[in-house]
Amino acid sequence: MSNTAGHTGVFISFEGIDGAGKSTHIDTLAARLRSAGRDVVLTREPGGTALAERLRELVLHQPMDPLTESLLIFAARRDHLQQVIEPALAAGRVVLCDRFTDATFAYQGAGRGFDTAQLEQLERWVQQGRQPDLTFWFDLPPEVAAERLSGARVPDRFEQQPAEFFRRVNDGYRARAQTHPQRFIRLDASQQRDAVWADLEAALTRRGLL
Ligand SMILES: Nc1ncnc2c1ncn2[C@@H]1O[C@H](COP(=O)(O)OP(=O)(O)O)[C@@H](O)[C@H]1O
Ligand SMILES: Cc1cn([C@H]2C[C@H](O)[C@@H](COP(=O)(O)OP(=O)(O)O)O2)c(=O)[nH]c1=O
């Protein structure tokens, strides 16, 4: 839907293992889009609403079985979609979301071994066909990410996992990129910041979004 400035809503998600460089580029992109006159909503998952942020705290810090974890993540996602994402898109805004459902397939599916077919059911049920228009996947070897993160912040339940876990997570992202090639853009996140940004910017320019 278009707003009074003639803009159509755009939903962009940012994916990749912890430390891949998502946060670094989301803020830059938000500033860039705003200076181009776009109305930008910055949000994240799990989270993005008061309820979903409470669920995030549980998921990130409380041990639980993979089904409980997946249900809580999708419950948070349902609230986030209803309260924030769908209204913003309907108003013609650009939604920049730090992680979305591809993270569930990568972390709970590939990382924790939860059944992908069940995740697909939850995805259909909760999202009713809604998918990001564009997904930037920051592809980075786990050992480089670990190096970048060392000493940078207190690790949460996922960040404490061994390198092998993040290798599976990254493989999970690769599989998602292969099943959703039309919206996935792989960025070589091992490059210098400026080069990663240049690739991101070029992809958006090609699609007429910058
Ligand atoms: N291209 C890069 N080269 C080197 N360091 C980077 C690069 N991009 C980000 N970093 C640094 O790596 C760390 C993790 O980046 P961050 O954007 O927080 O990752 P994420 O949000 O994906 O977890 C931060 O300290 C950040 O400054
Ligand atoms: C969205 C999502 C995130 N996660 C995990 C990945 C991250 O380790 C964690 C939080 O992500 P993140 O927002 O990257 O946290 P921060 O940058 O503040 O450390 O949640 C899942 O396991 N499943 C999901 O569906």
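These notebook entries record what I looked up in a predicted model.

**Conventions.** I number residues from 1 along each chain as its sequence is written, with chains lettered from A and ligands numbered from 1 in the order in which they are written. For this predicted model, local features need pLDDT of at least 70 and side-chain atom pairs count only at pLDDT 80 or more, while totals for chains, interfaces and linings use all residues.

**Sheet.** I looked up the strands (DSSP runs of E, at least two residues). I found an open sheet of 5 strands in the order E2-E3-E1-E4-E5, with parallel pairing (two strands pair if DSSP finds at least two bridges between them). Strands E2 (40-44) and E5 (184-188) are at the edges, each pairing on one side only. I noted 5 bridges between the parallel strands E4 (residues 134-139) and E5. Thr135 has Phe184 of E5 as its bridge partner.

**Helix H7.** I then turned to H7 (helices are DSSP runs of H or I, at least four residues, numbered from the N terminus). I noted that Phe166, Val169, Asn170, Gly172, Tyr173 and Arg176 are buried in H7 (20 or more other C-beta atoms within 10 Å of the residue's own; exposed means 12 or fewer; C-beta atoms are placed from the backbone). These buried residues of H7 fall within an arc of 150° seen down the axis, so they line one face of the helix (the arc is that of the directions from the helix axis to the C-beta atoms). The face of H7 turned away from the buried side carries the exposed residues Glu164, Gln178 and Thr179.
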